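Let's work through a few short exercises on the structure below. Have a go at each task before you read its solution.

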Number of protein chains: 2
Amino acid sequence: MQTKHSAVGRDADFIDAAEKVTGRARYLDDLSFPGMLHGKILRSPYPHARIKGIDISRAASLAGVKAVITSADCPGIRFGLDNPDVYMLAVDKVRYAGDEVAAVAAVSEEAAEEALSLIDVEYEPLPAVYHPAEAMVPGAPLVHEDKPGNIAKIYEIVRGNVDEDFASCDCVFEEEFGTSLVQPCYLEPFGVIADWEPNGRLTIWTGIQSAFHARAEIAKALGIDPSSVTVKVPYIGGGFGGKIWIRNFHPIAAVLARKTGRPVKIVLSREEEFIASRARVAAGIKLKLGMMRDGTMVCKEAEIIADNGAYSWAAPKILLNMSMRTDCLYRFRSSRTVSRLVYTNHVPTSGFRGYGNAQMHFALESMVDICARKMGLDPVEVRLKNAVRSGDTTLHGWKLRSCGLSECIDKAAAAIKEGRLPGEEAGGRIRRGVGVACMTHVSGNRGGDNFDGSSAMVRFQEDGRLLVYSGESDMGQGARTVFAQIAAEALGIPLSDVIVMPVDTDVSPFGYGSYSSRVTTVGGKAVLLAARQVRDQLLKLAGKLMNESPDRLEIRDGVIFDRLDPGRRMTVAEACRAGIRTRQAAELTAYVTYDPPTEGTDSDYYGDYSSAYNYGAHGVEVEVDTETGQVRVLRVAAAHDVGFAINPKGVRGQISGGVAQGTGWALCENLVLKEGVLQNPSLSSYILMTIKDMPSIKPIIVETDDPVGPYGAKGVGEPTLIPVPPAIANAIEDAVGVRLRDLPFTPEKIFRAVNPQLKEAGK
Amino acid sequence: MQTKHSAVGRDADFIDAAEKVTGRARYLDDLSFPGMLHGKILRSPYPHARIKGIDISRAASLAGVKAVITSADCPGIRFGLDNPDVYMLAVDKVRYAGDEVAAVAAVSEEAAEEALSLIDVEYEPLPAVYHPAEAMVPGAPLVHEDKPGNIAKIYEIVRGNVDEDFASCDCVFEEEFGTSLVQPCYLEPFGVIADWEPNGRLTIWTGIQSAFHARAEIAKALGIDPSSVTVKVPYIGGGFGGKIWIRNFHPIAAVLARKTGRPVKIVLSREEEFIASRARVAAGIKLKLGMMRDGTMVCKEAEIIADNGAYSWAAPKILLNMSMRTDCLYRFRSSRTVSRLVYTNHVPTSGFRGYGNAQMHFALESMVDICARKMGLDPVEVRLKNAVRSGDTTLHGWKLRSCGLSECIDKAAAAIKEGRLPGEEAGGRIRRGVGVACMTHVSGNRGGDNFDGSSAMVRFQEDGRLLVYSGESDMGQGARTVFAQIAAEALGIPLSDVIVMPVDTDVSPFGYGSYSSRVTTVGGKAVLLAARQVRDQLLKLAGKLMNESPDRLEIRDGVIFDRLDPGRRMTVAEACRAGIRTRQAAELTAYVTYDPPTEGTDSDYYGDYSSAYNYGAHGVEVEVDTETGQVRVLRVAAAHDVGFAINPKGVRGQISGGVAQGTGWALCENLVLKEGVLQNPSLSSYILMTIKDMPSIKPIIVETDDPVGPYGAKGVGEPTLIPVPPAIANAIEDAVGVRLRDLPFTPEKIFRAVNPQLKEAGK
């Protein structure tokens, strides 16, 4: 591939890397405006309580305080996605310890903070529910009075004749798994600046993954038109799905700004990021797998009970992914999944890298190893035997236009086996093992409006440089660099001649946003099509200027030349200079709206609904200290079918990041809640992977040349995290013979599993 | 016309009127950024002097001062338009009292001001030239060493056989006229904020008429690519041609910002606006007119000597207009003009409403009255006899696709005669008279790159509102309102559903800028074409949604309906909601680059080079106090052929403004220079018209339905000022029998002219 292309398929430094590493890039908290106030939010200390009264008088009279608001100051609108169940400030009662009760705008953060302590709220604590299972029990306290049984969402998805298939299987296995509540822990806490323009429009600065969704939701929460809101996106310090959607603080800042007539900034503290953001949807998963003796996987049944927390946002959609996607990893004949999303008095749950799919992969990919071992088969062979392949239509109707799953399994398994350390050491205290796990995911998906497109605009400048506009945010993953590479490649101009503009809903073409690993595939495709259109315009212009048929012209390294007589040439800059704002009146601007050629799903969620599907496999080698229960991940071989790597360096970066984040989820991260109150709301008590904990990683890029994505590319954002926990679980079993079914795999759990006799003694 | 249209041809309040009158609109000086510094410029007190040394050490060490720069800190680039003759800070010598010598950036305006006083400059005064005539004398001091004879530009433009025609005339008259140096005196002093983005691009905020020209020129002055500069235009508090082009302070602010790493704001003081901005090009005009006894004007000869001041900017172009445009008012058979633009040690001259054309109109339209009176003819009849008409090709090749000159003369003359006061009163002390003068001007013109186009983008939002993007600034004349009306009309949506975006060179499509009275005609046409394109897209979408042929659909009041079955309907908002970010993947965005169908001029400036030509006539009634020489303009009947009045209220506003500004120029405004030093650099010593001085104005809108402009519209910005001084001069002669040939008509001049015996005594 390298010889064919000049800008894609080559390692590119992120175009904004210099700004970022020198500290010059401006994130939300670097922005400030004259007269700007600082907003702070008063949060409930109770997981469930009636608000009997709020007295803001002491707070309002504090020097420097410009506004104190409660729900009485807000439009009485419940907003949200599938379940609009949240007011921007609590009405009548609070539903989790962290719920928004009141807000303050003041001239300094200190004054705002002090004002919070002067707001007197009278609470009447209510009985609460902390476990989905207990919340579903008839008579349990209701989180929302209009949600009987605390049910936020139920799915029952059946394909084929499951009961018949199970009856025909040689072996049927059943297991239960549990996943934990974790936070994305992006480096930059989420925040907003809101300001009402003199013309009555609202400007919102926020480092959000989807500016256009944000615009619509902020408008909805405020009861105004979307076109009355402008969302501007500064640099984003990581998102991982946690910044796809708005939070309550977005409309709260707008209300404070309207009340004070001044810009208001709210940036969450790290503590608020823990207690009052949206955690990964934790789920209890019962799995039943029917297999034939030769290792053929026939059918699958799953029952999921997931913790919605106090408010739904994307959790229903996440539950859907959890209920379906892993069925498209293997050639199952049938499946049935019943899943329930249950309100509790916990922190709300929502999107986080993998978006539900990661949870079920932990269950299924652990299950495959469990079953293979029980049947005396090689888990890698079982995976290869059942893996879906290019050309397949999966159980849920995905059309696999490209699929490198088998190659990924082969390569990851081979790489992790090669050079592995001896299984045992130091008198048996240190045990080592390897494990493999697979994954599948989407590159985009048709959402509620049956749309999965993106738009792009490109515009040549009179000096030959190209401006690229997209509505898809770069949250640090390198989207802008990929867009620049695609445009540079399509146009034959140097990467440095492409300027990718920041996202601004008044300017950027509509983009759905950076999630579902869709940005390269869908946003990049829109950029490619726009660049090709502007190339046609440029060649037509150059043909006129050079008195030559455009068909004979080609562009390379910023030079337009006659293919048959390469001495006849002019630079792109010369053509632009001669064509823009001259008699030629060349537009040299293209605007493209692209929607991938997929059909979406029917009302039963069956159908081909992503422009491309990602596959991958990780092999990991772990080391378990049997005396402490401590696990170290030594090596990871991460093979990913990315279709085509537009920026291989960026793909390797995604792999490193996904492995780090997946390992943290597997081994150490966990929100510890006690009666609904978070016990570890800080980075010193909530443990993240550090550079010292990182394994040696071997990224393996598998290219399958997807027919839909730009230059054959597919997404890679989420996939790299998904197989990590099950691969580690499988490796731990390989090392010490114990199977861990609940995340995270803490030293304590491993120690107790390895020493069951001590577990008894501990009672 | 009124019944045919819903949004154009109707009085519309300016869409930003509420913001402006309530003080909420944000002008440049309302903007502030964190860490922003204030810049000030040290200016030469000498009209001509060698700089022997600059010591910045005392200034640089003053508390709060962050940078002090001289030419040594600037790229050694001479920039400008036809004559690139200026450095951003003086190199070696200063050329006028006001020339930029050094600049300071400090934490406050006060500190910057104080620092200026601490910069020690050693000057060696040089002999200077203050009059173009003396500057051309061999051996005169040179303003620029590379400009021999101090000549900035010479034109000789000949059409037909002038000498032969003069020989055949019944009467030949010769007169001399002089126009004065005046400043536009817009309400908002010009200014800039410059800031270097972390990615190395320069952002410039400035209330400029042409953002894209500004971008190119700032880049040129700094030696960088245009695409490395972004120009953002906040509200503009008037421009009148004085804010078309950048000033030295623009790149100076950029250099200060680069040196300090902080945003730097420079806003001129009112004094700087007087001493160091660009004045109207003052000219001495010798005019020779050949006529037949019946009043036929046959031929014309002109000799112009114009004051360029110390630096050229647009003055050469202005001299060209001065040399040509009035020849297209009447059916001359031939003409010859020789014009010279001469460097002096005066403040530089450049564009101001009328752009040269106004100066020559003063001369010619005075001349017509002088000649008619001498021949015993009615000046109005002479004008009507000679007036060009629709379908004419003028002496310089203008193709008059629409021309309402005769109608304007008729209506203005009739209106001013109707109800006129008695010619004499109060024992002969107060004398009254009426006068008429005509005008022609362009609506756009093909500039240096043989381009006169504009681009527009329109984009529907999901709630049915429309965003309109144009690169043409609204300097207060109501361009945004006109664009909104045009888009609303073309789309059948309410005016309130159109949002016109601010000008930003990173966002707005290319526009040449607001000058040459081109915005409605050319910018508005681009908006119209883009709106029509998006209308086609919308109807295609609605046809799909309504299962109907788009041809049968129409849009009115925001509703799309079936022409043959009007009950079948959906709102524009419903169509947008159903089409944007849905399976329909409707673009609903149009981008149009428009260049009017004119051919431009040949190398001898002959040809059709404006999309439309404006004509008009003013009748004025004045009252002269023969004891004081004071003139009062009592009434003005101002008839203007605007093609079609998109916003009649806006046209009437332009007429009021043009009359006020033209009357000020005629009667009181004047820069009084003594040895190159301005004697009246303030609004208390430089006298402007006030509301108390305003005549009663009768605006007469003449519509000729121009075939090129949008809905038949032509420009009206500059035309309304142009006929005012000659009409007043003609009315003064009518009142008191004296002919004034030099602007302004001060009481002193009138008194002396009315009392010639006292003039002698005064000697």
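## Exercise 1: the whole chain

Task: work out how chain A is held together across its sequence, and whether its overall spread fits a globule.

Solution. Start with contacts: of those in chain A with a separation of 6 or more, 80% are between residues 24 or more positions apart. Keep in mind that this is a predicted model. Next, look at burial: 61% of the 763 residues in chain A are buried. Now for the spread. For 763 residues, a compact globule would have a radius of gyration near 27 Å, and chain A has 27 Å, so the two agree. Along the principal axes, the C-alpha atoms of chain A fill a box of roughly 90 × 75 × 50 Å. As for the parts list, chain A has 19 helices and 33 strands.

## Exercise 2: an open sheet

Task: find the strand order in the open sheet of three strands in chain A, then its edges.

Solution. The order is S4-S2-S6, and the pairing is antiparallel. Strand S4 (93-94) and strand S6 (120-125) are the edge strands, since each pairs on one side only. Zoom in on strand S2 (residues 49-55): six bridges join it to S6(A), and the two run antiparallel. Here A:Asp55 stands opposite A:Asp120 in S6(A).

## Exercise 3: a hairpin

Task: how many residues link S24(A) to S25(A) in their hairpin?

Solution. First, locate the strands: S24 covers residues 559-562 of chain A and S25 covers residues 565-571. They pair in the antiparallel sense over four bridges. In one of these, A:Val559 has A:Thr571 in S25(A) as its bridge partner. The hairpin joins them through two residues.

Key
Residues are numbered from 1 along each chain as its sequence is written. Chains are lettered from A and ligands numbered from 1 in the order in which they are written. This is a predicted model: local features need pLDDT of at least 70, side-chain atom pairs count only at pLDDT 80 or more; totals for chains, interfaces and linings use all residues. The radius of gyration is taken over C-alpha atoms; the globule rule is 2.2 Å times the number of residues to the power 0.38. A residue is buried if 20 or more other C-beta atoms lie within 10 Å of its own, exposed if 12 or fewer, and partly exposed in between; C-beta atoms are placed from the backbone. Two residues are in contact if their C-beta atoms, placed from the backbone, lie within 7 Å. Two strands pair if DSSP finds at least two bridges between them.
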